[in-house]
Amino acid sequence: MSLTFTVGGCRGSMCVSGHQYRRYGGNTTCYYVEVEPGHYLVIDAGTGLRTLQNEARERPGPQRFTVLLTHYHWDHIQGLPTFGGIYDPGVRVDLYGPPCNEKTPTEALGDVMKPPWWPVPVDKASGVRVHALEESMKVGAVRVHQMGLSHPQRSVAFRLDADRSIVIATDHEAGEQSEIDDALAEFASGADVLFHDAQYTPDEHLADKKGWGHSDWEQAARAARAAGVGRLILTSHDPDRTDEEVDAIRYEARRLFTPVDAAFEGMTLPL
Ligand SMILES: [Zn+2]
């Protein structure tokens with residue numbers, strides 16, 4: 001079966017709505033691929049998870065979701081409480097998260113998904129099982145590897161290898177720890193596609209956003225060049241960034257690396 005990788009949401013920090021975000025979309029981080037019939041590999045559970053839920057609902061037959069979290073910041077988990085699959089005992093949802101500040105994934109999610117913030121505690125959602133993220137996993141036909149990035153409370157990047165290879169680095173501040181930048185170049189080496197955090201412009205980054213955990217488009221382009229990837233896709237768009245401004249960033253980044261595109265909701269790529 002040929003695999004199709006889909007962007008369900010690519011907005012950073014918080015979801016947004018409005019005509020100015022129509023083309024790139026307002027939902028937060030979620031990427032997914034159907035790895036075998038009815039089984040979806042999902043990277044991050046931002047509000048873009050709803051896109052997958054709506055798509056999967058149309059599909060007959062049993063369903064299974066393997067969800068890998070890059071970290072636990074709100075924009076990466078906010079689609080989870082309203083994801084119908086976790087309440088359906090007939091749907092298997094395996095949720096994998098990295099350790100965070102000595103907390104297990106169950107504790108990290110359980111701290112926020114419980115009353116009074118949400119009526120159902122995560123460990124009472126009937127369809128979900130929470131696991132510690134593994135260094136390397138095989139999910140259907142896809143081999144998955146992960147590595148730690150430079151981000152408050154730490155985030156991870158994922159590399160998905162099947163017929164093609166896609167690396168996803170949604171939340172990473174390049175330039176903070178050179179050894180991590182070098183490791184990411186190695187990790188993403190030769191990948192067909194690199195999704196890289198490009199939340200800021202270089203001017204915004206330098207003005208007052210250093211240490212906030214995100215890269216600018218220039219750093220994303222340099223990371224793509226260092227890794228020798230086939231294509232760079234800018235992602236984690238700033239919540240204030242309009243469609244026209246994302247267009248402008250993409251155009252600018254092409255001075256440093258080609259081909260460059262910007263992630264948008266509904267974007268699909270072969271994997
Ligand atoms: Zn984050």
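# Reading a predicted model

Q: Where do I start? How many other C-beta atoms lie within 10 Å of arginine 154?
A: Arginine 154 has 17 of them, so this residue counts as partly exposed. The scale is simple: 20 or more means buried, 12 or fewer means exposed, and partly exposed is in between, with C-beta atoms placed from the backbone. By the way, this is a predicted model: local features need pLDDT of at least 70 and side-chain atom pairs count only at pLDDT 80 or more, while totals for chains, interfaces and linings use all residues. Residues are numbered from 1 along each chain as its sequence is written.

Q: Which loop holds arginine 154?
A: Look between β8 (142–148) and β9 (156–161). Such labels come from DSSP runs, numbered from the N terminus: helices are H or I over at least four residues, strands are E over at least two. Check the backbone of arginine 154 too: its phi is near 65 degrees, a positive value in a residue other than glycine.

Q: What is the phi of asparagine 101?
A: Asparagine 101 has a phi near 50 degrees, again positive in a residue other than glycine. You'll find asparagine 101 in the loop between β5 and α3. Here the neighbour count is 9 C-beta atoms inside 10 Å, so asparagine 101 counts as exposed.

Q: What about omega? What is its value from proline 115 to proline 116?
A: Omega there is near 5 degrees, and the peptide bond is cis. Proline 116 sits in the loop that runs between α3 (105–110) and β6. Now go along to threonine 258: its peptide bond to proline 259 is cis as well, with omega near -5 degrees. Proline 259 belongs to the loop between α7 and β13 (260–262).

Q: On to sheets. In what order do the strands of the sheet that contains β14 come?
A: Two strands pair if DSSP finds at least two bridges between them. Follow the pairs and you get an open sheet of seven strands, β6-β5-β4-β3-β2-β1-β14, with mixed pairing. At its edges are β6 (128–132) and β14 (268–270), each pairing on one side only. From one strand to the next, the twist averages 20 degrees. For a single pair, try β4 (residues 64–68) and β5 (residues 92–97): five bridges join them in the parallel sense. One match to spot is arginine 64 with its bridge partner in β5, arginine 92.

Q: Which strands stand at the edges of the sheet that runs from β7 to β13?
A: This open sheet also counts seven strands, ordered β7-β8-β9-β10-β11-β12-β13, and its pairing is mixed. β7 (136–139) and β13 are the edges: each has a single partner strand, so one side of each has no neighbour in the sheet. Inside the sheet, β10 (residues 165–169) and β11 (residues 193–197) run parallel, joined by four bridges. There, isoleucine 166 stands opposite valine 193 in β11. Helix α7 packs on the sheet, touching β12 (231–235) and β13, and its direction makes about 165 degrees with that of β13.

Q: How do I describe two helices, and at what angle do α6 and α7 pack?
A: Two packed helices are described by the angle between their axes and the distance between the axes. Axes are lines fitted to C-alpha atoms (for helices, over the stretch in contact), and angles run from 0 to 180 degrees between N-to-C directions. In this model, α6 (residues 217–227) and α7 (residues 243–253) pack at about 40 degrees, with axes 9 Å apart.

Q: Which residues of α6 meet α7?
A: They are Trp217, Ala220 and Ala221, which meet Ile249, Glu252 and Ala253 in α7. Contact here means that the C-beta atoms, placed from the backbone, lie within 7 Å.

Key
Two residues are in contact if their C-beta atoms, placed from the backbone, lie within 7 Å.
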